[in-house]
Protein chains: 2
Amino acid sequence: MKSDLSVRGMRDYYPDVYSRLQHIINAWRKTALCYGFEEFEGPVIESLDLYKIKSGDEIIRQLYNFTDKGGRELALRPELTPTLARMIAKVQSEAPKPIKWFSIPRCMRYEKPQKGRLREFFQFNVDIIGEEEGLGDVEVISVAIDSLVALGLTERDFVVKINNRDFVSEYFKSMGVSEDISLRLYKIIDNARKVDEQTTRDAIDELNFNQAQKKALDDYLAIKNIQDLKSLSYTNDGKEALIYIFSLLEAAGMDDFCSLDVAVVRGLDYYTGTVYEIYDRSERMRAICGGGRYNHLLKEFGGIEIPACGFGMGDVVLGEVLAEKGLLPAYSRQIDYFLVRITEEELGTLLKVAHSLRQKGFIVEHTYRPLAVKKQMARASKVGANKVVIFGADELGDGKVTEKDMLTGKELKKALTDYIQ
Amino acid sequence: MKSDLSVRGMRDYYPDVYSRLQHIINAWRKTALCYGFEEFEGPVIESLDLYKIKSGDEIIRQLYNFTDKGGRELALRPELTPTLARMIAKVQSEAPKPIKWFSIPRCMRYEKPQKGRLREFFQFNVDIIGEEEGLGDVEVISVAIDSLVALGLTERDFVVKINNRDFVSEYFKSMGVSEDISLRLYKIIDNARKVDEQTTRDAIDELNFNQAQKKALDDYLAIKNIQDLKSLSYTNDGKEALIYIFSLLEAAGMDDFCSLDVAVVRGLDYYTGTVYEIYDRSERMRAICGGGRYNHLLKEFGGIEIPACGFGMGDVVLGEVLAEKGLLPAYSRQIDYFLVRITEEELGTLLKVAHSLRQKGFIVEHTYRPLAVKKQMARASKVGANKVVIFGADELGDGKVTEKDMLTGKELKKALTDYIQ
């Protein structure tokens with residue numbers, strides 16, 4: 001027995017499992033297409049160097065990397081953004097702006113398999129390249145929201161937590177905090193929802209803030225919604241951008257799905273401006289989606305400086321949220337017609353009708369072997385066929401076949417020409 | 001500049017390239033579904049051991065394999081059959097037979113990139129497990145044919161060359177040839193279409209056949225069609241099976257696409273019974289598709305002995321055939337509605353209409369920035385929008401918008417309620 005040949009953290013998509021994945025992927029694709037995004041794909045294998053440019057430490061640690069037979073240092077993609085950046089760099093001068101692209105890549109990370117994390121996953125990526133902060137960011141957020149709504153989730157199920165990196169960084173700068181301390185503070189704030197309050201407080205204490213800095217940080221963390229932000233006497237461009245983005249979200253009718261959350265800063269250093277994460281309202285799970293603006297990233301990949309924004313949404317946490325809420329459809333085979341033959345003489349006619357129905361898009365089955373009619377009917381029931389057509393019961397010699405509706409049990413006599421034109 | 005970061009033999013699917021791949025994948029998927037096959041998928045990463053069981057030497061030589069951070073010997077899948085075998089072994093006792101599965105996996109092989117060969121490709125796999133030789137084989141062949149027909153190819157463009165491994169092996173045995181020599185003869189015959197005649201003749205000479213054996217081999221190679229086969233005085237079960245398969249292909253109306261070709265033996269040792277390859281009629285390219293029956297293969301993967309048949313069809317050779325015949329659709333973005341606003345006051349209404357149209361499945365765009373109407377109209381033309389709706393030209397104060405058909409140039413006044421229910 002070699003039943004231990006499957007690899008830890010990898011997924012076998014049996015037809016029922018695959019249909020649930022396809023359900024999610026279809027909702028993603030359909031939503032992005034409706035917003036006018038174009039689909040692209042990159043290779044699963046990239047050069048290791050591509051990820052050394054800007055991927056975070058955690059991603060680099062978790063890479064599947066190896067040397068190929070030609071001595072190349074390669075990696076299996078852990079995320080799509082570096083591939084996007086590499087591809088955009090080649091076309092960004094000619095392509096009409098804004099470039100609106102989406103992709104549903106399969107990615108791999110060598111991390112401990114656990115709830116919400118597997119070593120391979122699919123990730124919905126939606127990006128706009130060549131557009132400054134504003135309605136583009138709102139459109140990308142709307143695609144994320146509408147794709148979740150298409151899967152049956154509502155504003156009671158999830159929330160888009162939005163912040164602005166410029167607002168935060170300028171605010172921290174106004175506190176008289178160095179860039180280095182700012183970055184540590186980002187990580188502490190970003191981490192706060194995963195650890196207990198004391199851990200966060202201890203980590204902040206280590207930064208040795210003075211009284212005024214502590215007060216300013218408390219004031220920052222006390223901002224709970226857009227009204228609080230508006231009432232804040234302090235102001236900067238990031239704050240104005242945040243207020244503008246929320247006004248556009250309201251105009252787009254998306255505001256019920258969104259809230260300001262100053263604890264959202266995104267772990268990766270390359271984000272600028274608007275950033276967001278989507279959470280299940282219960283907040284018992286990891287983020288469903290994370291994204292934001294990354295205006296300086298693309299030029300690091302051989303391109304020119306160009307504004308950009310986008311998000312990534314994996315299938316694993318989302319699949320768990322949908323499963324928990326009973327929103328993943330039950331799997332059943334769909335067979336429109338099951339064709340039954342009384343004798344093998346009918347086989348040619350049966351195959352012609354099968355072909356004709358399939359050309360029209362119907363799903364058609366029949367047994368391969370000449371079984372008793374009873375057994376053929378039993379198989380039709382078992383596969384859940386909607387209709388059965390019986391060939392060879394032509395007692396009157398009138399060239400007709402019997403069509404039975406398996407739901408109602410009603411039978412009809414039909415001419416072959418009803419099926420074959 | 002880091003523009004050299006793409007990896008040799010890997011593919012960047014820009015939206016136009018991706019749309020051509022999707023065109024092929026959609027035809028494959030739709031055809032398999034109509035025949036009642038269920039879709040499954042496996043992981044891209046499998047254990048190296050999985051391929052040591054039965055994959056051919058050439059495949060093993062071309063594996064992308066590596067050791068992961070946990071010390072596991074892994075490989076990127078070069079084909080799907082071992083994954084299928086591994087997955088079937090887990091469910092074959094409970095699953096109702098026949099099991100009809102298809103998949104469109106992405107596979108990787110480290111081979112020299114050249115015409116018809118890339119280091120990564122998609123491969124349509126269609127298999128029936130648990131069914132003896134007969135109509136099942138014909139159905140699988142029909143799926144291959146119909147998927148090519150769905151892509152615009154006809155019986156003048158391609159041919160399914162069919163043979164039977166039992167027929168060949170028994171015939172060679174009747175010549176008094178050892179199993180070892182038989183296997184060498186398979187490879188020589190299989191290779192014949194890729195090398196010149198003299199090379200083949202020399203290779204056969206090396207086998208040191210006697211006069212009777214030479215005569216028998218000549219008689220074998222002289223079989224050009226099913227009539228020749230029927231006239232052959234020699235008979236065995238494989239010959240009968242071949243004649244039966246051709247009679248079923250005729251009943252299924254697939255005979256115009258098929259011909260008997262005794263040179264088709266398939267390189268891999270695990271094939272039994274019916275085998276076939278699909279070629280462009282010009283025969284200037286590699287096979288588009290290869291498949292056959294493999295009754296003894298699955299038990300090697302920890303399962304029990306179970307009859308099976310199936311094929312693999314890659315996207316690379318097929319894509320080249322379609323491109324050569326002009327059968328790959330030109331790429332163009334499809335935008336159903338482009339929404340134009342005269343002032344920013346209209347933005348909220350515009351976004352509501354956009355959302356409502358998208359909910360109905362339409363593809364809708366608008367500019368993000370408040371541009372002059374002329375510029376918005378120019379962008380609508382550029383993206384090839386079918387219709388433009390203009391908001392804010394409500395001179396009469398009647399709450400109506402103007403809808404312009406971009407093909408005919410006709411304009412209509414419409415109420416907002418025409419778009420929003």
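Colleague: How many residues of chain B are in contact with chain A?

Modeller: This is a predicted model, in which local features need pLDDT of at least 70 and side-chain atom pairs count only at pLDDT 80 or more, while totals for chains, interfaces and linings use all residues. Residues are numbered from 1 along each chain as its sequence is written, and chains are lettered from A and ligands numbered from 1 in the order in which they are written. Taking two residues to be in contact if their C-beta atoms, placed from the backbone, lie within 7 Å, the residues of chain A that meet chain B number 70, and those of chain B that meet chain A number 70.

Colleague: Which helix gives the largest share of the side of chain B that touches chain A?

Modeller: Helices (H or I, at least four residues) and strands (E, at least two) are DSSP runs, numbered from the N terminus. On the side of chain B that touches chain A, the largest share is six residues, and these come from residues 347–359 of chain B, helix α13.

Colleague: Why is helix α6 of chain A described as largely enclosed by the rest of the structure?

Modeller: A residue is buried if 20 or more other C-beta atoms lie within 10 Å of its own, exposed if 12 or fewer, and partly exposed in between, with C-beta atoms placed from the backbone. The buried residues of α6(A) include F167(A), V168(A) and F172(A), and the buried residues of this helix pack against β8, α7, α9, α11 and β10 of chain A. Helix α6 of chain A is largely enclosed because, of its 10 residues, the number buried is seven.

Colleague: How far apart in space are I278(A) and K161(A), C-alpha to C-alpha?

Modeller: I278(A) belongs to strand β10 of chain A, and it counts as buried because it has 26 C-beta neighbours inside 10 Å. Although I278(A) and K161(A) are 117 residues apart in sequence, their C-alpha to C-alpha separation in space is 6.0 Å.

Colleague: How are α6(B) and α11(B) oriented to each other?

Modeller: These two helices of chain B pack with their axes 7 Å apart and at an angle of about 150 degrees, where axes are lines fitted to C-alpha atoms, for helices over the stretch in contact, and angles run from 0 to 180 degrees between N-to-C directions. Since angles over 145 degrees count as roughly antiparallel, α6(B) and α11(B) are therefore roughly antiparallel.

Colleague: Which residues of α6(B) meet α11(B)?

Modeller: On the α11(B) side, the residues of this contact are D237(B), G238(B), K239(B), A241(B) and L242(B). On the α6(B) side, they are D166(B), F167(B) and E170(B).

Methods: Parallel < 35°, antiparallel > 145°, perpendicular 65-115°, else oblique.
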